[in-house]
Amino acid sequence: SEAKIALPRSRWWELFGDPELNALVEQVEIGNQTLQAAEARVRQAAALVDVAGAPGFPTLSAGAMNKKIGFTAGWELDLWGEVRRSTEAGVAMAEASAGELAAAKLSLQAQVAQKYFLLRTYDAEIRLLRDSVARYERSLQLNRNQYAVGVVSRGNIVQAEAQLNSTRSQVQDAELSRAQLENSIAVLVGKPPADFRIAAKTWNAVIPAVAPTLPSELLLRRPDIAAAERKMAAANAQIGVAQAAYFPSVKLFAAGGINIGIAGGVALAQMLLDGGLREAQSSRYTAAYEETVANYRQTVLSAFSDVEDSLAAMRFLESQAAAQAVAVKASRESVEITENQYRAGIITYLSVVIVQSAALVNERAELAILGRRLVASVNLIKALGGG
């Protein structure tokens, strides 16, 4: 079924109306180790902001000589903006790290949702295959009974056995794929696969119809775009740091809290003889900034492409689902007609096997398309920046 629901500002997974999915996605933030590592990187970036701003505050040092204790307090005047631009760069990088964390969280949440939906489509496929196995077992027994009284040939039994065992094999294959998805979800939510289970259940899929946002809104919603923009701002601030390095560092110091002096002349003399180091650093930071500008533009273009790809997938898969539903209905009618013809003695049992196998293929294809539509729906939400 489809639900015409607007994209929420958060908890986008609730659009699908599955409490079990909600619980799994919420566990990502708590248990996923990749996300824990990303959060630690954000804390590191925040700490670097304090490191960058530290030179702007007074320092106090103590020393002892000949049983006398002396104190020296000093701090650096940020006349040329070096400390300010360093702090600005640190803040921007911290914000970029936060954006990367949000992007990682969205990606992991989307992976959980997509794998969960595929697992549920395998549940439906396994039920379909098991129902077919039960039906083919009845057909085999019927053919054995008829063969025993000389009504049918041995060929009917061979064909029924081949059909039955082939379908049993397909059940095992589907169950393996489901188990692998279950293990993958366990890792994403930070659980040991051996202790993690998702019980099979009958499931009513909901495919939300999400309206795409305007390009300007997309720029604000996508965390990867925000992170790229903040990296660009940090690189721009680093240019200011490099330019400020051309000017002398001026430090005020007070010994014993009485005498105040200014140091800077030596630093200026050293700066004039740096062998082009500062000019090279300035060029490097300018080139680094231009790199981040190009990366930002590419991130924006990729974001727009993600949205268009997801919209196209949703559109084509919806049409494919409608066509496949017609095919399933026709194949079921064909099975009914063929089985009646066989019971009337008009056709051979091989014709029944062929039509039944084709119907099963069509029904499995319908479930596969449903799974692809659900995955594409999550991709679209992720492309739009999530919640």
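Let me start with helix α1, where the buried residues are L21, N22, L24, V25, V28 and G31. I should say at once that what we are looking at is a predicted model, so please take each value I mention as computed from that model.

Staying with this helix for a moment, α1 covers residues 19-31, which makes 13 residues, and the distance from its first C-alpha to its last is 18 Å, close to the 18 Å expected at 1.5 Å a residue. If you look at the start of α1, you will find D18, which has a side-chain oxygen that comes to within 2.9 Å of the backbone nitrogen of E20.

Now let me step back to the chain as a whole, which contains nine helices and six strands. The chain has 387 residues, and 38% of them count as buried, while the surface that the chain exposes comes to about 21,300 Å², with carbon and sulfur atoms supplying 58% of that area. As for how the chain is held in contact with itself, if we take the contacts between residues at least 6 apart in sequence, 79% of them join residues that are at least 24 apart.

The last residue I would like to show you is Q324, which sits in helix α8, the helix that runs over residues 277-343. Is Q324 buried or exposed? Q324 counts as buried because its relative accessible area is 14%, and the cut-off for buried is under 20%. Leaving aside residues up to four places away in sequence, Q324 touches N362, A365, E366 and I369, and those are the neighbours to display when you turn to this part of helix α8.

How values were computed
Residues are numbered from 1 along each chain as its sequence is written. This is a predicted model: local features need pLDDT of at least 70, side-chain atom pairs count only at pLDDT 80 or more; totals for chains, interfaces and linings use all residues. Side-chain values use heavy atoms; hydrogens and water are left out. Helices (H or I, at least four residues) and strands (E, at least two) are DSSP runs, numbered from the N terminus. Buried means under 20% relative accessible area, exposed over 50%, partly exposed in between (1.4 Å probe, protein chains only). Contact means heavy atoms within 4.5 Å. Accessible areas come from the Shrake-Rupley method with a 1.4 Å probe; for residues, only the protein chains shown count as cover. The expected span of a helix is 1.5 Å times one less than its number of residues. A polar contact is a pair of N or O atoms within 3.5 Å; within protein, one must be able to donate a hydrogen and the other to accept it, and residues adjacent in sequence count only if both atoms are side-chain atoms.
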